[in-house]
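Please look through the structure below alongside these notes. They take up one residue, then one sheet, then the protein as a whole.

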Amino acid sequence: MKKKIVTLGVLLATLLPGAKADVDPNFYIYLCFGQSNMEGNAQPESVDKTGVPERFQMLACVNFNSPKRTMGQWYKAVPPLVRESTGLGMADWFGRTMVQSLPENIKIGVVDVAIGGTKIEGFMQEEVKKYIASMNPSTESWLINYFKAYNNDPFQRLVDMAKIAQKSGVIRGILLHQGCSNNGDQSWPQKVKKIYDRLIDSLSLNAAEVPLFVGELVSQAAGGACYGHNTIINTVPKVIPNSYVISSKDCPQGAQKDNLHFSALGYRMMGYRYAVSALATMGLKPPYFSFSEGALTANVNSTYTSSNKTMKAAKAGGMVTWNYAEGADWSDYKYLVIKLKKNTCDGEVMISNLSPSKIAFREAFGDKTTFVVDLQNAKNGSVKLDPAKVGKVQFRAAKAGDLTFDDVFLSNDEAYAPTAIHSVNIDSPFQAPLYSLDGRLALPDALKPGIYIRSGKKIVIR
């Protein structure tokens, strides 16, 4: 689904006499800063490195040796985005979700300056020198070196790189993820406001047009050591009017179990949620069902590998589930499209409503490689799907085998509409008969709305 987006800012950029001809109003720039979760702590998997769209770009904020990148230059946003020693972070799937959700003429660029372990004072120019001086060279040399990479002034590096970015595109928002090193600091929101205001000022931005998106830390339920700071993070919108908090609910922590960092899946989920919030400020929702949107769990009879999108079922009943604890709103879309590469386990899809939690759609894939769920008409017996409050999506195996996904997405494209007819005329005695799903011969002149079979093909009567 593609939507034409024209904002006042874009219109002015093209009409005002002072507008620079080489600035692309369709290149949306997002500044990113924070500590290790913004920097990227998880090892990128193959799914994170492959399929990165050319329309998603990163501006190198330091010089890289591997991959070879030069500070101040744009590159396709294949992780790592911050420094060569960093991993998967918040910005990766933020950018990917944004380009998947916006028209093809829109590009997304991220400018990411982050330092693992830093306090928020590391981005405050009136505090940074004193903060660096307080570090112990024998135990915090790693942190001292991180600051050296930004010439001991990460805020200024962010501003300098942002000014380079402004020569190519338009800054549309700021992403922040920080707080572990300031856990419990009640003055943290005011410190964030100082940095935000200073960025707006330094870059001649309009705060009303450049929102701040602030992510929560690893939650208490996921074992987060600093979850208490989330209460403070949630007060930021009271201090900065145009700001939004990104929930970390159900986002798992990493395998190292340090209680501070997210797993690769957790970073994908957080990045997706940052994008959902950014799109909402434009009046949009992602037209894409992301594998990162909900928390994936495999039951005891199966495993799921995100790098190749494959569920392996050890026996019948193997299943993976995408849970939406707060409900996924798909009401803006007509179809859920599931494209498969392999189905050797006789897989089926089940979709449940959030409340009451009942299966509202269930059907086997059969031999289809493209399977479409009509969201507005889906039901399971007397239970009808509520597309505004989807509780879970499950893929279940009827026997041992693999289920490999190619793509799963939401769409309004009528190319995916099931074959639909409103009446049936028998023009020839040789026309194939029409059967109901329970195998009974249907009378063409007395059809009720429903699904029928003719010559092995499904026909929907509306």
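**Notes on the model**

1. Asp112 is buried (under 20% relative accessible area with a 1.4 Å probe, protein chains only) yet takes part in no salt bridge, a term for a side-chain nitrogen of Lys or Arg within 4 Å of a carboxyl oxygen of Asp or Glu. The nearest side chain of opposite charge, that of Arg83, is 8.5 Å away, where Lys and Arg count as positive, Asp and Glu as negative, and His and the chain ends are not counted.

2. This is a predicted model, in which local features need pLDDT of at least 70 and side-chain atom pairs count only at pLDDT 80 or more, while totals for chains, interfaces and linings use all residues. Residues are numbered from 1 along each chain as its sequence is written, and side-chain values use heavy atoms, with hydrogens and water left out.

3. Asp112 belongs to strand E4 (residues 107-114), strands being DSSP runs of E with at least two residues, and helices runs of H or I with at least four, numbered from the N terminus. Neighbours within four places in sequence aside, Asp112 is in contact (heavy atoms within 4.5 Å) with Cys32, Met38, Cys61, Val82, Ala91 and Tyr150.

4. Five strands form an open sheet in the order E9-E10-E19-E12-E15, with antiparallel pairing, where pairing requires at least two DSSP bridges between two strands. Strands E9 (302-305) and E15 (370-374) stand at the edges with a single partner strand each, so one side of each has no neighbour in the sheet. Strand E12 (residues 335-343) pairs with E15 over five bridges, and Leu336 stands opposite Val373 in E15.

5. Overall, the protein has 11 helices and 23 strands, and buried residues make up 51% of its 462 residues.

Methods
Buried < 20%, exposed > 50% of the residue type's maximum accessible area, 1.4 Å probe, protein only.
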